[in-house]
Amino acid sequence: MQMTEKQEKMKKILIVDDSAVMRNVLSVIIKEISGVCVADMAEDGSVAVQFLKEQRHYDLILLDINMPKLSGVGVLEFMYKNNYKIPTLIVSSNASKNTAETMRALELGAFDFVKKPGFPGSGFREQLLEKVHCAFRINSEVNYSENKKMDYEEKGADSGGTPVSQKSRRRKLAVSGSAGNDIIVIASSTGGPKALQSVIPKFPVNIGCPIVVVQHMPEGFTRSLADRLNEMSQCDVREAEDGAVLENGVAYVAKGGYQLRVKSAGRGGHQLSVDKDAPRNGLRPCADIFLESLLDSGYERIVCAVLTGMGSDATSGLVQLRQAKEVYAVGQSQESCVVYGMPRAAYRAGVVDDVAELTEVAGLLTKMVM
């Protein structure tokens, strides 16, 4: 595909799909975005790999999963092995039918997925445009390009906004009270399914508290995520179920398409509430909603990690919790995030006590509860 001088200055997209009709549909939608062009189109994964080997530059790849010769997962495996850090969005009719393949694509670095339209007016165009814009925000924020690292300051804020020493506050939390009345909460979004594989499997089998994961995913995918993490982990990992009594040493993944809360189960116990309450800020599950439910719980210390993701979910909940509970929070480092949105929001609000590489997160959380 010959490019004009004007196109050379635009953000470039590679479309990979074995359907000529779908390639045309995607191209028409992409043309609606100012400053963006379709640089190349590939009819299967092997052609896409050849384009990459020719060192053609792309700012985003739109990738189907099921294709002849080489699948979308095969393309992602090639990119992963050869360190191609190009934001990739899965566009597939099988995204919701074959969750295992979609989860594998996310593990290999695809940042998100959108299901191909099954009928007119399905909202496909709007979803695609939103996620393409998200991809370009990722590019401008972090990690897919060599951005200048944030100069982390040794500062925080108490509930009134007064700066405090993070190190002294962490030491105080570590020695205050006794373990046994704690809960670990992990909030994540874009890039989270892969990031969680560097956190959950590192918790010891005897960790003395429950773990709750609020990962932004649609309905139908969190069971596969929980099953995959369970295969990799020492502790049990389950998809959250309504009425489930929280157990120490068990990690519960919030159910996609539902809101998750904690409520009293009597005799000092706690159970989960899973319901179809409305999304907040477009999110269901929403970490803020879960964290707010801990305000009236018997948990005395909340130990939290805010991982990669767009937006600011978890920040408001942590701000409120710090006014009533002992809270320790770690934010994933900018360098190790797919998108440095949620951790940055929490850091800027002064509710983060530590900033850590992804590989260090589980150790910090474990130290606080054991």
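Here are some short exercises on a predicted model, each with a worked solution.

**Exercise 1. The nonpolar cores**

Find out how many residues the largest nonpolar core has, and which helix gives the largest share of it.

*Solution.* Start with the size: the largest nonpolar core has 59 residues. Next, look for its best-connected members, which are I184, I186, I200, F203, I211, L307 and L365, the residues with the most contacts inside the core. Now turn to helices: α13, covering residues 358-369, supplies six residues, the largest share of this core. Finally, look beyond this core, and you will meet another one lying apart from it, with 36 residues that include V185, A187, L294 and V306.

**Exercise 2. Around F203 and T366**

Work out which residues F203 touches, and whether T366 is buried or exposed.

*Solution.* First set aside residues up to four places away in sequence; F203 then touches I184, I186, I211, Q234, C235, A362, L365 and T366. Pick T366 from that list and locate it: T366 is part of helix α13. Then check its accessibility. Its relative accessible area is 13%, and buried means under 20%, so T366 counts as buried. To close the loop, view the contacts from the other side: with neighbours within four places in sequence left out, T366 is in contact with F203, P204 and I207.

**Exercise 3. An aromatic pair**

Describe the geometry of the pair formed by F113 and F221, and explain why this pair ties together parts that are apart in sequence.

*Solution.* Begin with the count: the structure holds two aromatic pairs. In the one formed by F113 and F221, the centres are 4.5 Å apart and the angle between the planes is 40°. Planes under 30 degrees apart would count as stacked and those over 60 as edge-to-face, so this pair is tilted. Next, place the partners: F113 belongs to strand β5 (residues 112-115), while F221 sits in the loop between β7 (211-215) and α9 (222-232), so the pair links parts that are 108 residues apart in sequence. Both F113 and F221 are buried.

**Exercise 4. Lysines over rings**

Find which ring the charged end of K131 sits over, and where K276 lies.

*Solution.* Return to F113: the charged end of K131 sits over its ring, 5.7 Å from the centre. Then move to Y258, where K276 lies over the face at 4.6 Å from the ring centre.

**Exercise 5. Cysteines**

Decide how many disulfides there are, and whether C286 and C304 are buried or exposed.

*Solution.* With sulfur atoms required to be within 2.5 Å, the count is zero disulfides. As for accessibility, C286 is buried at 1%, and C304 is buried at 0%.

Conventions:
Residues are numbered from 1 along each chain as its sequence is written. This is a predicted model: local features need pLDDT of at least 70, side-chain atom pairs count only at pLDDT 80 or more; totals for chains, interfaces and linings use all residues. Side-chain values use heavy atoms; hydrogens and water are left out. Buried means under 20% relative accessible area, exposed over 50%, partly exposed in between (1.4 Å probe, protein chains only). A nonpolar core is a set of buried Ala, Val, Leu, Ile, Met, Phe, Trp, Tyr and Cys residues joined through side-chain atoms within 4.5 Å. Helices (H or I, at least four residues) and strands (E, at least two) are DSSP runs, numbered from the N terminus. Contact means heavy atoms within 4.5 Å. Rings of Phe, Tyr and Trp (its six-membered ring) pair if their centres lie within 6.5 Å; planes under 30 degrees apart count as stacked, over 60 as edge-to-face and the rest as tilted. A charge sits over a ring if NZ of Lys or CZ of Arg is within 6 Å of the ring centre and within 35 degrees of the ring normal.
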